[in-house]
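Before you read my remarks, please open the model and keep the sequence beside it. The points below go through the architecture one piece at a time, in an order meant for a first reading.

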Amino acid sequence: MRRLFPVTDETAAPAPGGASGDGGGREWSLDELAAAYAYPEPGPGGPVPWLRANMVSTLDGAAQHDGRSQPISSATDMRIFGTLRALADVVVVGAETVRKEGYRPARAREDFAAMRQAAGQRPAPAIAVVTAGLDLDFSLPLFTSPLVPTLILTGAAAPPDRVAAAEKAGARVVTAGDGIGVDPARAVRALADLGHTRLLTEGGPRLLGQLVAAGVLDELCLTVSPMLTAGEAQRIAGGPAVTVPHRFGLVSMLEEDGFLFTRYGRTRPAY
């Protein structure tokens, strides 16, 4: 892997033998990846919520192939995926993605144990599922055997029987909306009130579109996959368009085997 941005004295194109001054031609260690994707340091007033998204897209804009993201991913993309999870307090995901991708609880990883302990984090991030109707299979391991109890983010008008089923399975139900659905800004605040300020969302596209529209997304980690799929696959964010496009700035860009691993951040604070 090599760093393409920001440009430094060490940033260089790969030499004929495959090496460069900034990691080209070798696999980056997990410590290096963690440093490259570190969350912002807390300010004088203490930690504030920082919500980043991690998504993958093909060259022609497809976020999935045959309904799943794995076919357009790579081994390095999955290492970054694991690193971003290891840095997060909580992983926010939509119910449809839970159903399609077969989500399981986040696991504790020995490689990141000391780092998480030093940061005051639990051994693994919690999974927070955003759902209006709680149409979920609560017999799955995500709910019955997580290392950290799974959270359900829903509205005050959620079906009481489904709320009861979620709680019986061991999930913690968090109200983040006055109606049936979830208010994204309220969800961020609710997670922060639980001590989760390093937030990561893995979509899917419908949820990411809602977060973008609400203006609560602080950072996008986007893997650009060197593939073309055509078809009618979703983009990384769906739903109604925002009135004025939100401008983000390039923070960093890494490259390996034609995959681009980018980070974009909002140009002004959200909170």
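**Notes on the sheet and its helices**

1. Leu-220 has Tyr-264 of β10 standing opposite it. The two strands concerned, β8 (residues 219-225) and β10 (residues 259-266), run antiparallel and are joined by six bridges. Please keep in mind while looking at this pair that the model is a predicted one.

2. The wider setting of that pair is an open sheet of ten strands with mixed pairing, whose order reads β1-β9-β10-β8-β2-β7-β3-β4-β5-β6. At its edges lie β1 (2-5) and β6 (172-175), each of which pairs on one side only. From one strand to the next, the twist averages 25°. As general background, the strands of a sheet pair through backbone hydrogen bonds, and they may do so in a parallel or an antiparallel way.

3. How many bridges join β1 to β9? There are three, and β1 and strand β9 (residues 248-256) run antiparallel; within this pairing, Arg-3 has Leu-254 of β9 as its bridge partner.

4. β9 also pairs with β10, again in the antiparallel sense, over eight bridges, and Glu-256 stands opposite Phe-259 in β10. These two strands form a hairpin with two residues between them, where Asp-257 takes a positive phi near 50°.

5. Helix α7 (residues 184-193) packs on the sheet, where the strands that it touches are β2 (50-58), β3 (90-94), β4 (126-130), β5 (151-154), β6 and β7 (198-201). The direction of α7 makes about 150° with that of β5, and, since angles over 145 degrees count as roughly antiparallel, this is a useful value to check by eye.

6. Which way do helices α2 and α4 run relative to each other? Helix α2 (residues 75-87) and helix α4 (residues 110-118) pack at an angle of about 30°, with their axes 10 Å apart. Angles under 35 degrees count as roughly parallel, and α2 and α4 are therefore roughly parallel to each other. Their crossing is right-handed. On the α2 side the contact is made by Thr-83, Arg-85, Ala-86 and Leu-87, and on the α4 side by Phe-112, Met-115 and Arg-116; taken together, the contact residues divide into four nonpolar, one polar and two charged.

7. Finally, a remark on the annotation: UniProt, in an unreviewed entry, lists residues 49-243 as "domain: Bacterial bifunctional deaminase-reductase C-terminal". In the model, the end C-alpha atoms of residues 49-243 lie 25 Å apart, and the span is 32% helix and 19% strand.

Note on methods
Residues are numbered from 1 along each chain as its sequence is written. This is a predicted model: local features need pLDDT of at least 70, side-chain atom pairs count only at pLDDT 80 or more; totals for chains, interfaces and linings use all residues. Side-chain values use heavy atoms; hydrogens and water are left out. Axes are lines fitted to C-alpha atoms, for helices over the stretch in contact, and angles run from 0 to 180 degrees between N-to-C directions. Helices (H or I, at least four residues) and strands (E, at least two) are DSSP runs, numbered from the N terminus. Angles under 35 degrees count as roughly parallel, over 145 as roughly antiparallel, 65 to 115 as roughly perpendicular and the rest as oblique. A crossing is left-handed if the near helix is turned anticlockwise from the far one by less than a right angle, and right-handed if clockwise. Contact means heavy atoms within 4.5 Å. Ala, Val, Leu, Ile, Met, Phe, Trp, Tyr, Cys and Pro count as nonpolar, Asp, Glu, Lys and Arg as charged, and the others, Gly among them, as polar. UniProt positions are given in the numbering used here, feature names are shortened, and annotations may be inferred rather than shown by experiment. Two strands pair if DSSP finds at least two bridges between them.
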